[in-house]
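Please open the model in your viewer, with the sequence alongside, and follow the stops below in order. Each stop gives a selection to make and then describes what is found there.

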Amino acid sequence: MISKLPNVGTTIFTTMSALAAKHKAINLGQGFPDYPMDEQLTALVTKAMQDNYNQYMPMAGYAPLLEAIAAKVQKLYGTTVNPQQQITITPGGTYAIYSAITAMINKGDEVIVFEPAYDSYIPNIEVNAGKAVRLQLLHPTYSIDWAAVKQAITPKTRMIIINSPHNPSGAVLSADDIQQLRRVVAGTDICIVSDEVYEHLIYDNLPHESILKYPDLLERAFVCFSFGKVYNCTGWKVGYCIAPEAFTKEFRKVHQFNCFSVNSPMQVALAEHLQDEQAYLQLAPQLQRKRDYFRELMAATPLKVVPSHGSYFELYSYGGISNETESNLATRLVTECGVATIPTSAFYKDAIDNKVLRFCFAKKEATLEEAVEGLKGFEWEIGNK
C-alpha cells in the first residue's frame, strides 16, 4: 500500500490527551472548556429532537440557520451574503478547511502556510497532491513577514491560508496585515482560506479583521467558522463556511459526497440561539478574565508569558531556565507534575523548538489553580543550560 500521508502519525493533541488520561493529569493541552455550556442551548436541542427534527437536513444546511448566520454577518461586518448560495453548514471548522482546500487544490499547486500552523493545514494540502510553502511567523510576536510572502509567490501559488486569532499563539491580524494581503493577491488568481474559528475570542479591545469585512478579499476566499468555539460545545463538531457563489458550488461538490449534511437537532437549536447576540458577544470578556487570571497565577512560576490576544490559548517560554526540548519537557510535565500542555514545536513541520509551550486557559478557575500549583513545584532547572 502506498500512503498518501506517509509522514503523518497520530496528532499531538491525541497523544498528549492520552498521556494526560493515563497519568490523570490536568489537561491544559487540548482546546476545550471543562465548564458547562449554556443550558438554554442544550434545552433547544432537546426541544428540536422532541419536535422530530431528527432526519436529514438539506445538504447546505437548515434554512433558518443559514439566514441567521447571514443576518449576523450583516450586523457585525456590514457585508451582505446570500444565505442559500454562499453559506454551507459543516461538521466543524476543520472539515470546512479541508473541503475548501480539496475543492481548489490540484497536483503541484502551491499553498502558502504560516508556521506555527494548526496541524490540519499541511496534511490537507498534501493529501490533495499540493505543495505547502511554509513561512515562519516572526517569533516571539508571531506576526507575518509580508516581504517574505511576496518573495514566496510563484506562478504555481494557488492559495494562502491565514488564521486569526491564531492557534497556537493567540496573535491577531491587524488592519495593516489585511492591506498587505490585499497587495499580495491583487491581480492574481490566488485564493484565500481564512480560519476564523476564534472569531469571538479576541481580547484587549482589538477588532477582528475578518475577511468578511473586505469584499475584494471575500470574492476570492473561503471563510471558516466553528460553533463549537462560540458556544463551548466543541464535541458537537458544527461549523460553517462562507464563500462566493462560484467557490461555494465547488465546495459543495466535495461536501455532498463526504458528509452530505450535518446533524439536524443542533442546527435547529443554533438557529434559535443565534437570535440572542449577547450569547456570543459576551464570550470575549469572559475568556479574557480567564486569561488574565491564569497570567496572575503563572506569575508564581519561572515561565514567561508570550502575550495572547485571542483564542483559548497562551504561550509561555522557558528559554531562560532550560535547554530541554519542548516535547521532552511537555512529557515530563504530565508524568511528574500532572499537567498536560502542547509543545509549540508540534505546530512546525520541522519541529522548530523555541522553548515555548501552549496552555489552554478555557477552564474553570479551580482547574487553573490546581494546574499552576503543580507547575510551581516542578523541577524546572533539570536540563538547564
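Which kind of contact do the side chains of Arg134 and Glu115 make where they meet? Select the two residues in this predicted model and you will find a salt bridge, at 3.2 Å from N to O. The pair links distant parts of the chain, since Arg134 belongs to strand E4 (residues 131-136) and Glu115 to strand E3 (residues 110-115), 19 residues apart. With a surface shown, the two partners can be told apart: Arg134 is partly exposed, at a relative accessible area of 31%, whereas Glu115 is buried, at 3%.

**Other salt bridges**

The structure holds 17 salt bridges, and one of them joins Glu199 to Lys72, with the closest N and O atoms 3.4 Å apart. Glu199 lies in the loop between strand E6 (191-195) and helix H9 (215-218), while Lys72 is in helix H3, so this pair ties together parts that are 127 residues apart in sequence. Both ends are covered: Glu199 counts as buried at 6% relative accessibility, and Lys72 is buried with a relative accessible area of 7%.

Next, select Glu209 and Lys213, which form a salt bridge whose closest N and O atoms are 3.2 Å apart. Here Glu209 counts as buried, at 10% relative accessibility, and Lys213 counts as partly exposed, at 30%. Before leaving the charged pairs, add Asp350 to the selection of Glu115 and Arg134, because these three residues are joined into one network by salt bridges that share partners.

**Strand E7 and its partners**

Now select strand E7 (residues 221-226), a mostly covered element in which 6 of its 6 residues are buried. Ala221, Val223 and Phe225 point one way from E7, and Phe222, Cys224 and Ser226 point the other way. In a regular strand, side chains alternate between the two faces of the sheet.

Extend the selection to the strands paired with E7. E6 and E7 run parallel and are joined by 4 bridges; within E7, Phe222 is the bridge partner of Val193. Strand E8 (residues 239-242) pairs with E7 in the antiparallel sense, also over 4 bridges, and here Cys224 has Cys241 in E8 as its bridge partner.

**Helix H12 and what covers it**

Move on to helix H12 (residues 264-273), where 9 of the 10 residues are buried. Among them are Met266, Val268, Leu270 and His273. To see what covers the buried residues, display the surrounding elements, including helix H2 (39-50), helix H3 (63-77), strand E2 (87-90), helix H10 (227-230) and helix H13 (278-281). At the start of H12, zoom in on Asn263, a side-chain oxygen of which reaches to within 3.5 Å of the backbone nitrogen of Met266.

**The four-stranded open sheet**

Which strands make up the open sheet, and in what order do they stand? Select E9, E10, E13 and E12, which follow one another in that order with antiparallel pairing. Strand E9 (304-306) and strand E12 (342-343) stand at the edges, each with a single partner strand, so one side of each is left without a neighbour in the sheet. Strand E10 (residues 313-317) and strand E13 (residues 356-360) pair in the antiparallel sense over 5 bridges, and Ser317 has Val356 in E13 as its bridge partner. Helix H14 (residues 283-298) packs on the sheet, touching E9, E10 and E13, and its direction makes about 20 degrees with that of E10.

While H14 is displayed, pick out Glu296, which lies in this helix and counts as exposed, at 57% relative accessibility. Its C-alpha atom is separated by 22 Å from that of Gln282, 14 residues apart along the chain.

**A buried acid without a salt bridge**

The last selection is Glu326, in helix H15 (residues 326-337). Glu326 is buried yet has no salt bridge, and the nearest side chain of opposite charge, that of Lys355, is 6.7 Å away. That distance lies outside the limit, because a salt bridge requires a side-chain nitrogen of Lys or Arg within 4 Å of a carboxyl oxygen of Asp or Glu. To see the surroundings, show the residues that Glu326 touches, including Tyr318, Pro343, Ile352, Asn354, Val356 and Leu357.

Technical notes. Residues are numbered from 1 along each chain as its sequence is written. This is a predicted model: local features need pLDDT of at least 70, side-chain atom pairs count only at pLDDT 80 or more; totals for chains, interfaces and linings use all residues. Side-chain values use heavy atoms; hydrogens and water are left out. Two strands pair if DSSP finds at least two bridges between them. Helices (H or I, at least four residues) and strands (E, at least two) are DSSP runs, numbered from the N terminus. Contact means heavy atoms within 4.5 Å. Axes are lines fitted to C-alpha atoms, for helices over the stretch in contact, and angles run from 0 to 180 degrees between N-to-C directions. Buried means under 20% relative accessible area, exposed over 50%, partly exposed in between (1.4 Å probe, protein chains only). Lys and Arg count as positive and Asp and Glu as negative; His and the chain ends are not counted. A polar contact is a pair of N or O atoms within 3.5 Å; within protein, one must be able to donate a hydrogen and the other to accept it, and residues adjacent in sequence count only if both atoms are side-chain atoms. Lists of a residue's contacts leave out its neighbours within four places in sequence.
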